[in-house]
Amino acid sequence: MQKMSYFCPLLFVCVDVCVVHAIRLTQLSPLLHPHPFITLWGGGLLRAWLLLILIFNYPGSPPWMSSFKGLQTLAVLCFHYPAYISLLWALGQPALEELWGWHSWQRLLQSYGVTVVAWLYWSQYVSSLFKRKTSGGSKENTGASLKRLMGYMLPFSRRFVVVIAFVVLSSYGEMAFPQYTGRISEWITNEEESGAFTNAIITMTLLTIASAVLEFLCDLTYNVTMSRVHTAVQGLVFQAVIKQDIAFFDSIPTGDMVSRVTTDTNKTSESLSEELSLLMWYMARLSFLFIFMVKQSWKISLLTCMGLPIVWVIPKLTGYFHQVIAVKVQDSLAKANQVATETFSCIKTVRSFANEDGETERYRQKLDDTYALNKREAAAYAASTWANSMSSLALKVCILYYGGTLVTSGTVSSGDLVSFVLYELQFASAIEAVMRYYPEVKKAIGASEKIFEYMDRKPEIPPDGTLAPENLMGHIQFKNVTFTYTGRNEKDNPVLKDVSLEIKPGQITALVGLNASGKTTCVKLLERFYQPQKGQILLDGKPLNSYKDEYLRTKISVVSQDCVLFARSVRENIKYGCESMSDDEMHRAARLASAHTFITTDLSDGYETDVGQSGAQVSGGQKQRIAIARALIRRPKILVLDNATSDLDAETEYQVQQALLNDTNHCSVLLISHKGVEKANHIVVLNEGMVHEEGSHDELLRKGGLYADLVRKQNQAFHGKQDDKRDAH
Ligand SMILES: Nc1ncnc2c1ncn2[C@@H]1O[C@H](COP(=O)(O)OP(=O)(O)OP(=O)(O)O)[C@@H](O)[C@H]1O
Ligand SMILES: [Mg+2]
């Protein structure tokens, strides 16, 4: 089957050659002699018809031959010559000689060459443009994104008009060098017009300098403007992301979010400031170069346009191997990096198993693999560079050869040829640049789609309330609250089921229960991070949602289970969100949290000490105490401590609790802890998202339910530990 598919094109060429020669014989007929154009087009039609019969009737003809692209190629093969001759005739050029000559071997080979070039043009460039136009969705999106990006640039529209004017003028100025070089070389060879010679050099120099100055001004204006646009967009994206609901943050990995705000916006703005500006330059340059090339000689321009696709395709084909190997090199490097990352991140394990040499060997092996691939990559790169320069050299030789014949025949002057060659050099690199930067700019606009996705996302939070009473009692009621996290399976049990509980003003209410019983979820609902699906939460008898968001944040302070400190000083961490608070207030809060002493004595710079990334430079217990101080500095009306003292030693925990109990008479406390809740006025026991039992410590112990069980097991564990210690001694 494979053989058949090669056989058919071969057969196709043989038939074509026979048909052309048969037509040649019929041309000799005296009947056709007086009608050269009818013979020309008739011959083309006959050739096309016979070949079509072969394509559609020969059973082994491959499908691509009868596809739209195949038929187009056939049309080019059969009709380009008649079209070319007719065009020459229409332009008043001598065409009669060519009229009868299309059957010669030279012309036949040329016709195949032209067909191949046309096919390359179509498959490499035209069809991809066509595809882009038809692939509606992404095109529409890209268009919409471009429109929005333009919207951000609109306030600077005057600057952009200036930039475009600079681009056009400077590109025009660049044409001076090739133009005048051509003229000068002509005058040198003819040894004439020495005055004009000096004038030409002066004009050329002035124009080139003017062009360079304009280019500098343009780059400066454009880049400054684009950095302003970039800063504005990045700020807006950050603002849009930070305002999203907590469920959004739960569902999107932090890395993705950061990459949208930083990498994507950077990529977009970098591409728009660098690549778009270059694209504009090269487009303007390309237009002027093409106009000037056609002005010098349209024939050599045509040859250039035909030759360029071949020049680009050859390195593309050789470059393909290079790309394949380059990808393998990247993979292999990534594997080596993986070994290094894994080793360094697990260095303690590596060392405790004394496997440093083993890991070094593993890393070296990966590097050896990379080296082997690197050698192949270097060879492929050299081959592709060689093919690149060879193909462009071939085109230049062709242009010079053809240009030389035109100069000899007197069609163009030698100066024109020199100018043309200089234009062509710039033209080829300009087209290459346009082809390189256009996809980059498109990609950048594509990246902006992602950014806009975030900016357009409406956070799923109810509208902000209006209440902000001066006096708040701090009375909280959960009334039949049922809640499931979005994203959890529908079939999953709700995390909270019909929970009703009360936190009375000025009292300590404890929430206890096994892991995953829904304690932290209650806190998150209280903080309005999520909305309950059923039931409601009341604050002083009014729905929580009717309060102003900012007001609630000042009245409810939460020290969460996984409290996070920012990589800033202790002072900045405690005063986080209320920077205007006095140092006295900060010290008071720190004392209550039993943090003041260790901050002033243990930390090197006291309150100015940097706590490191996520508070890594302080101990777990110190971190918790700073977090408690951060919550207390606001003098909240409702204080929530969600396992906030879990990392404190017994003595410090006792100190903190005592201080809190003494100081928090004025505020409602929700204490979530697995131990030490005896002092709470009221204890609510959650089990599998439901309120299992409630009452005071003594009541619950008497009841002998889940709470009593928990306390008993805790005591057993404690005594167990004591016994173990004694045994050890
Ligand atoms: N953001 C979330 N998305 C989906 N499910 C969650 C989310 N947070 C918690 N859950 C689930 O909700 C349930 C209750 O979690 P919650 O954190 O409220 O438990 P908890 O009582 O505080 O437990 P612990 O004592 O371990 O702190 C768990 O099954 C948990 O897996
Ligand atoms: Mg919890």
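**Exercise 1. Residue P63**

Work out whether P63 is buried or exposed, and in which helix its place is.

*Solution.* Start with the cut-offs: buried means under 20% relative accessible area, exposed means over 50%, and partly exposed is in between, using a 1.4 Å probe and protein chains only. P63 has a relative accessible area of 65%, so it is exposed. Next, the place of P63 is in helix α3, residues 63-66. Helices (H or I, at least four residues) and strands (E, at least two) are DSSP runs, numbered from the N terminus. Finally, P63 and G307 are 244 residues apart in sequence, and their C-alpha atoms are 28 Å apart in space.

A word on conventions before we go on. This is a predicted model, in which local features need pLDDT of at least 70 and side-chain atom pairs count only at pLDDT 80 or more, while totals for chains, interfaces and linings use all residues. Residues are numbered from 1 along each chain as its sequence is written, chains are lettered from A and ligands numbered from 1 in the order in which they are written, and side-chain values use heavy atoms, with hydrogens and water left out.

**Exercise 2. Domains and the largest pocket**

Find the domains into which the chain is divided, then say where the largest pocket lies with respect to them.

*Solution.* Step one is the division: domain 1 (2-128), domain 2 (152-297 + 412-458), domain 3 (311-396) and domain 4 (476-508 + 517-673). These bounds come from an automatic or database domain assignment. Taken over C-alpha atoms, the centres of domain 2 and domain 4 are 54 Å apart.

Step two is the pocket, whose volume is about 2100 Å³. Its lining has 46 residues, and the closest to its centre are I246, E527, F529, R553 and Y576. On a 1 Å grid over the protein atoms alone, a pocket is an open set of points with protein on both sides within 12 Å along at least five of seven lines, a cavity is a set where a 1.4 Å probe fits but cannot get out, and lining residues have an atom within 4 Å of a point. Grid points are joined across faces, edges and corners, and a volume is the space filled by probe spheres set on the points.

Step three is the location: domain 2 and domain 4 both give residues to the lining, so the largest pocket lies between them. Among the elements that each supply at least two lining residues are α11 (246-251), α17 (519-526) and β6 (556-559). Helix α18 gives the most, with five residues. By class, the lining has 23 nonpolar, nine polar and 14 charged residues. Here Ala, Val, Leu, Ile, Met, Phe, Trp, Tyr, Cys and Pro count as nonpolar, Asp, Glu, Lys and Arg as charged, and the others, Gly among them, as polar.

**Exercise 3. The largest cavity**

Which residues line the largest cavity, and which helices supply at least two of them?

*Solution.* First, there are three cavities of 30 Å³ or more, and the largest cavity has a volume of about 80 Å³. Its lining consists of L149, M153, M226, V229, H230, V233, T265, T268, S269, L272 and I451. Helices α7 (136-153), α10 (194-242) and α12 (254-296) each supply at least two of these residues. Sorted by class, the lining of the largest cavity has seven nonpolar, four polar and no charged residues.

**Exercise 4. Around ligand 1**

How many residues surround ligand 1?

*Solution.* A residue is near a molecule if one of its heavy atoms lies within 4 Å of it. By this rule 16 residues surround ligand 1, the closest being A516, K519, T520, T521 and Q561. Now look at polar contacts, which here are pairs of N or O atoms within 3.5 Å; within protein, one must be able to donate a hydrogen and the other to accept it, and residues adjacent in sequence count only if both atoms are side-chain atoms.

- G518: a backbone N or O atom is 3.0 Å from an oxygen atom of ligand 1.
- K519: a side-chain N or O atom is 2.8 Å from an oxygen atom of ligand 1.
- T520: a side-chain N or O atom is 2.6 Å from an oxygen atom of ligand 1.

**Exercise 5. Positive phi**

Where is D498 placed, and where is N643 found?

*Solution.* D498 is not a glycine, yet its phi is positive, about 50 degrees. Its place is in strand β2, residues 496-503, and D498 is partly exposed at 48% relative accessibility. N643, also not a glycine, has a positive phi near 50 degrees. N643 sits in the loop between β7 (638-642) and α23 (650-663), and at 10% relative accessibility it counts as buried.
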